[in-house]
Amino acid sequence: MATQFLMSIILLSLLISFSSSLPIYSILDATQILSNSGYVAMALILEFGSQTDLIPPSQSLTIFSPSDTAFSLSGQPSLDLLHFHFTPRSFSLSSLKSLPPGYQIPTLFSNHSLVISSNADSQTSVNGVKINGPALYDDGFLVIFGVDNFLGPDFTVSGSINGSTGGIRGCYVTSGEDDYSFEEASGVLKSRGYSVMASFLDLQLAKFKDHTRLTILAPVDEIMKGFMGDFSDCRSIFLRHVVPCKISWRDLVSLDDGVVLPTYLRGFKINVTVSSTFLMFNGVQVIVPEIYSNSWLAVHGLEGSLVMQEPTATASNAEKIVVDFKAIKILIALSFLLLCTSLLNSIL
């Protein structure tokens, strides 16, 4: 009786002020399934977060939910760590399996992405943590996967940023394949109006270890000539247009909108926009798919250059105070929810 009364109070307070863009039935159905599957802590967070600043309004959401055991062992997670387990996209298990290891998925934790760390037929892992079987919940809007541990924001695939892939599956060329030479690709690029990028290949501006498979995104000469500076500038421009995996045009158009690709320039990532009529990298459209392709290299022509973003202005002190105050309120509420979980477990 006491348990039912306590749950009624919690549910009533949540439903009165519910304001998420996700369908109400998605939240209610998902929390019920989570509660019955050993994910009570995440069920309470989902219910509370859907009508507060913890989970921003979104028409779709994928959650990687740590088990109650993980919450017990780790204690109260930070707000950023919780946001790291939410991505504002709807990914089915088959969609995740279609992404090669090393690909990155945006999360609600600003400037932090999840990394597909392995993708064998029987196992898919994110940030080194295995996804437990099929989705716990999936209605097309909201998808929830169970994981045994919290996902670490500091996880990286060895070499995916500094230029060596570390033998990522699908990004390695064995010694028995084609000669690892850019000569043929360079010749094709020069004949198609991409002489600047061809020159970068001829100059060997980067050394690719272990015969890594590559995708090069080549801006046309008219654009590239406006960015030419000293040698260090050339190298930076080149590296941010090279992805450490070969991705054919067919594979590119089958990617989910919003997928983030790594590059050889440290810290520079490429956001993929996919629609029925065009494909863009950081807002720059692909105009000539597969200018050149062999067993380890694909080159796609761009209408512009992938530029470095200027640092955004820092928030004012007043804005920081407001943000911090909201964070404090959310963490206090979260602590209350976790306390309720412990009380319910003790009553049951």
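Let's start with Ala 218, which sits in strand S9. Keep in mind that this is a predicted model. Ala 218 counts as buried because its relative accessibility is 0%, and the cut-off for buried is under 20%.

What does Ala 218 touch, once its neighbours within four places in sequence are left aside? The contacts are Tyr 194, Met 197, Val 299, His 300, Gly 301 and Leu 302. Take Tyr 194: it lies 24 residues from Ala 218 in sequence, yet the C-alpha to C-alpha gap is 6.9 Å.

Several of those contacts lead us to strand S15, which covers residues 297–302. Here's how S15 pairs up with two other strands:

| Strand paired with S15 | Residues | Sense | Bridges | Residue opposite Val 299 |
|---|---|---|---|---|
| S9 | 214–219 | parallel | 6 bridges | Ile 216 |
| S14 | 284–293 | antiparallel | 4 bridges | Tyr 292 |

So Val 299 has a partner on each strand: Ile 216 stands opposite it, and Tyr 292 is its bridge partner in S14. S14 also runs into S15 by way of a hairpin of 3 residues.

Is S15 largely enclosed or open? It is largely enclosed by the rest of the structure, because 6 of its 6 residues are buried. In a regular strand, side chains alternate between the two faces of the sheet. For S15, both faces are covered. Leu 297, Val 299 and Gly 301 are buried on one side, while Ala 298, His 300 and Leu 302 are buried on the other.

Definitions and conventions:
Residues numbered from 1 in each chain as written. Predicted model: local features only at pLDDT ≥ 70, side-chain atom pairs only at ≥ 80, totals over all residues. Heavy atoms only, no water. Buried < 20%, exposed > 50% of the residue type's maximum accessible area, 1.4 Å probe, protein only. Pairing = 2+ DSSP bridges. Contact = heavy atoms within 4.5 Å.
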